[in-house]
Amino acid sequence: MKTIYLDRNESQYDPPEACMEILRSIAAEHLTHYTRDYDRGVKSRVSERLAEWLGLPESNVLLGYGTESLLKMAVHHHLSEGQFLMVPEVSWWYYGAIGKEVGAPTCTYRVFPDGRTFHYRMEDMLRVYELHQPRVVFVASPNNPTGHVMPIEMLRELLRHFKQSVVVVDEAYWGYHSLESAYVKSLVTEFDNVMICRSFSKYYGLAGVRMGYAAISERFREFARYTTLYLGYNQLSERLVLAAMDHPEHYRRIADLMSEDKNAFYSELAVYPGITCYRSDANFLLVKLDPAMTDLLKARLDSLHIKIKFFADSLLKDHVRISLGKPEQNRLVLDSLKAVADRIGKDHADVAR
């Protein structure tokens with residue numbers, strides 16, 4: 001039986017047929033030649049398309065090997081040894097790893113649980129900022145693995161206070177909750193220290209294509225030179241991304257299906273006192289389990305050849321992250337959670353008797 005990987009927030013859905021047509025129509029020159037976009041004074045057709053969509057000059061849109069490379073380059077370019085990198089306390093482990101590469105210590109701000117969701121607190125972020133004076137601040141929105149967003153007005157307030165730092169907003173999971181993007185131009189126009197990064201790996205389901213982008217202000221001209229590639233980008237990746245962008249209805253349908261499945265998790269797990277399923281604006285769910293459930297759930301999912309993310313670190317002990325797949329895959333995971341919870345409940349009842 002083929003393993004179902006629901007542990008790395010990858011898409012289980014096929015891309016639009018137009019993307020498959022691109023792959024079937026590859027010509028020799030797509031493999032043997034560089035692009036000629038740089039000769040026209042732009043980085044690529046993708047950055048042109050994104051700039052038009054966002055209402056920005058093409059020079060204010062950067063491309064990267066996923067958001068991963070943009071985050072990495074932002075740290076390597078702006079941080080020196082001993083300068084602080086400020087990141088969420090519960091977030092992607094890779095943030096801190098990048099800081100270590102340049103000898104930058106990490107300071108963290110809290111991610112606060114609030115019933116069945118999480119949120120950031122401005123007063124906590126300001127306290128950490130004043131204490132450590134970080135050179136670079138990462139804001140994850142939606143955050144991985146908690147799935148919550150930072151409201152735009154809160155981000156705007158944060159940027160008013162963090163003017164002495166480079167603020168990198170990681171929006172890799174943008175799109176599932178809302179396609180709103182007008183604020184991008186507003187923020188990079190009003191604040192010269194913000195960089196907003198997004199990926200084609202998540203909402204567009206093109207993780208194997210490895211392409212991301214960032215919207216930047218005029219202040220980042222030197223950084224733009226640092227990131228831009230004179231010989232251009234992967235021609236196949238560019239063509240696939242452009243084809244994907246031409247089919248918004250395909251991705252809205254997938255997002256709607258995921259939203260339906262999220263609601264099933266929320267409602268059906270709400271009756272179990274040993275489970276907390278947190279609301280998410282991304283393509284995954286964070287679930288807190290009764291400690292007695294963890295090994296049983298892992299064994300059951302192993303028997304079904306399904307992998308989800310079991311956290312080992314102390315901050316997320318007894319939590320799992322479930323990457324949302326197709327409805328039938330999500331149903332297998334949901335039914336497994338319920339079956340294990342029922343068994344634990346029966347065991348507790350037997351002990352009580």
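Start with the open sheet: seven strands in the order 2-10-9-8-7-3-4, with mixed pairing. The model is a predicted one. Select strand 2 (61–64) and strand 4 next; these stand at the edges, each with a single partner strand, so one side of each has no neighbour in the sheet. Across the sheet, neighbouring strands are turned by 25° against each other on average, direction ignored.

Stay at the strand 2 edge and add strand 10 (residues 212–216). The two pair in the antiparallel sense, over four bridges. To find the register, pick Leu62, whose bridge partner in strand 10 is Ala214.

Now select helix 5 (residues 94–101), which packs on the sheet and touches strand 3, strand 4, strand 7 (136–140) and strand 8 (166–170). The direction of helix 5 makes about 170° with that of strand 3.

Move to the other edge. Strand 3 (residues 85–88) pairs with strand 4 in the parallel sense, again through four bridges. Here Met86 stands opposite Cys107 of strand 4. Show the side chains of strand 4 (residues 106–109): Cys107 and Tyr109 make up the covered face, Thr106 and Thr108 the uncovered one. In a regular strand, side chains alternate between the two faces of the sheet.

Finish with a helix pair. Select helix 1 (residues 17–24) and helix 10 (residues 235–245), whose axes come within 8 Å and cross at roughly 155°. That makes helix 1 roughly antiparallel to helix 10. Their crossing is right-handed. At the contact, Ala18, Cys19, Ile22 and Leu23 of helix 1 meet Arg239, Leu240, Ala243 and Ala244 of helix 10. Of these contact residues, seven are nonpolar, none is polar and one is charged.

Technical notes. Residues are numbered from 1 along each chain as its sequence is written. This is a predicted model: local features need pLDDT of at least 70, side-chain atom pairs count only at pLDDT 80 or more; totals for chains, interfaces and linings use all residues. Side-chain values use heavy atoms; hydrogens and water are left out. Axes are lines fitted to C-alpha atoms, for helices over the stretch in contact, and angles run from 0 to 180 degrees between N-to-C directions. Angles under 35 degrees count as roughly parallel, over 145 as roughly antiparallel, 65 to 115 as roughly perpendicular and the rest as oblique. A crossing is left-handed if the near helix is turned anticlockwise from the far one by less than a right angle, and right-handed if clockwise. Contact means heavy atoms within 4.5 Å. Ala, Val, Leu, Ile, Met, Phe, Trp, Tyr, Cys and Pro count as nonpolar, Asp, Glu, Lys and Arg as charged, and the others, Gly among them, as polar. Buried means under 20% relative accessible area, exposed over 50%, partly exposed in between (1.4 Å probe, protein chains only). Two strands pair if DSSP finds at least two bridges between them.
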